[in-house]
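This report describes the fold and packing of a single molecular structure. The sequence and the model are shown first.

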Amino acid sequence: VHAHPPFSIVCSLATISFEYPILPETALLLGSIPTVPYFPPGSEELANATGEKLTDHNALILQRHGVVAFGHDLEEAFDRLEEVEHAAKIAYYLSLKGRIPALGRRQLVNIMDFAQKQGLPVPKIASRLLYRILSK
């Protein structure tokens, strides 16, 4: 699914990064959300830059342009797109306060443990990205 959600676009222009999740639900659904650098819409450069990140993420923010989200079906992709915009809206309002705190290592471990104990479905990509963040 591709859309042009305003808060996601604003965050891309303000260089607000979502490489490290700020919300528990975003961590569990998406892991991290990279921003693809700006290239003209419909260009081969944009397609290549987006394609490089496709296999490792469930959603991408396209700088100055919008969001692309992936799923097993349209509903799952749309839910992921909505989650990106939800996180972007919160990050934008936090940026007005001057600081956007990412979830810390302990918080991420606790979130993952909770999800596992509750039997919550965590997409494989999100788990892999969270473990990558924790291994740094």
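The sections below treat the sheet, the helices that pack on it, the nonpolar cores, the salt bridge and two backbone features of this predicted model.

## The sheet

The model contains an open sheet of 4 strands in the order S1-S4-S3-S2, with mixed pairing. Strands S1 (2-3) and S2 (35-36) stand at the edges; each has a single partner strand, so one side of each is left without a neighbour in the sheet. Strands of a sheet pair through backbone hydrogen bonds, in either a parallel or an antiparallel sense.

Both senses occur here, in keeping with the mixed pairing. S2 pairs with strand S3 (residues 59-62) in the parallel sense over 2 bridges, and the bridge partner of Thr-35 in S3 is Ile-61. S3 and S4 run antiparallel and are joined by 4 bridges, with Ala-59 paired to Ala-69 of S4. S1 and S4 also run antiparallel, joined by 2 bridges, and Ala-3 stands opposite Val-67 in S4.

## Strand S4 and the hairpin

Strand S4 (66-69) sends its side chains in two directions: Gly-66 and Val-68 point one way, Val-67 and Ala-69 point the other way, and all are buried. S3 and S4 together form a hairpin with 3 residues between them.

## Helices H1 and H3

Helix H1 (residues 6-13) lies across S2, S3 and S4, and runs at about 65° to S3. Its buried residues are Ser-8, Ile-9, Cys-11 and Ser-12. Viewed down the axis of H1, these residues fall within an arc of 160°, so they line one face of the helix. The buried residues of H1 pack against S2, S3, S4 and H4.

In helix H3 (residues 44-54), Leu-46, Ala-49 and Thr-50 are buried. The buried residues of H3 fall within an arc of 95° about the helix axis, so they too line one face. The cover over the buried residues of H3 includes S2 and S3. On the other side of H3, Glu-44 and Glu-52 are exposed.

## Nonpolar cores

The largest nonpolar core has 16 residues, of which Cys-11, Phe-18, Ile-33, Ala-59, Ile-61, Val-84 and Ala-91 touch the most other members. Two or more residues of this core come from each of S3, S4 and helix H4 (74-97). H4 gives the most, with 5 residues. A second, separate core of 10 residues includes Leu-28, Leu-108, Met-112 and Ile-133.

Several residues of the largest core have appeared above in other roles. Ala-59, one of those touching the most other members, is the bridge partner of Ala-69 in S4, and Ile-61, another of this group, is the bridge partner of Thr-35. Cys-11 belongs to the buried residues of H1. Leaving aside residues up to four places away in sequence, Cys-11 touches Ile-16, Phe-18, Ala-88, Ala-91 and Tyr-92.

## A salt bridge within H4

Side chains of opposite charge can pair when their charged atoms come close. The structure holds 1 salt bridge, formed between Arg-80 and Glu-76, with the closest N and O atoms 3.2 Å apart. Both residues lie in helix H4, 4 residues apart, which is about one turn of the helix.

The two partners fall into separate accessibility classes. Arg-80 has a relative accessible area of 6% and is therefore buried, under the 20% limit. Glu-76 has a relative accessible area of 25% and is partly exposed.

## Positive phi angles

Most residues other than glycine have a negative phi. Thr-15 has a positive phi near 55° and is not a glycine. Thr-15 is located just after H1, in the loop between H1 and helix H2 (24-30). At 65% relative accessibility, Thr-15 counts as exposed, because the cut-off for that class is over 50%.

Where is Arg-64, which also has a positive phi, located? Arg-64 lies in the loop between S3 and S4, in the turn of the hairpin that these strands form. The phi of Arg-64 is about 65°, although the residue is not a glycine. Arg-64 is exposed, with a relative accessible area of 54%.

Definitions and conventions. Residues numbered from 1 in each chain as written. Predicted model: local features only at pLDDT ≥ 70, side-chain atom pairs only at ≥ 80, totals over all residues. Heavy atoms only, no water. Pairing = 2+ DSSP bridges. Contact = heavy atoms within 4.5 Å. Axes fitted to C-alpha atoms, helices over the stretch in contact; angles between N-to-C directions. Core = buried A, V, L, I, M, F, W, Y, C linked by side-chain atoms within 4.5 Å. Buried < 20%, exposed > 50% of the residue type's maximum accessible area, 1.4 Å probe, protein only. Salt bridge = Lys/Arg side-chain N within 4 Å of Asp/Glu carboxyl O. Arc of directions from axis to C-beta.
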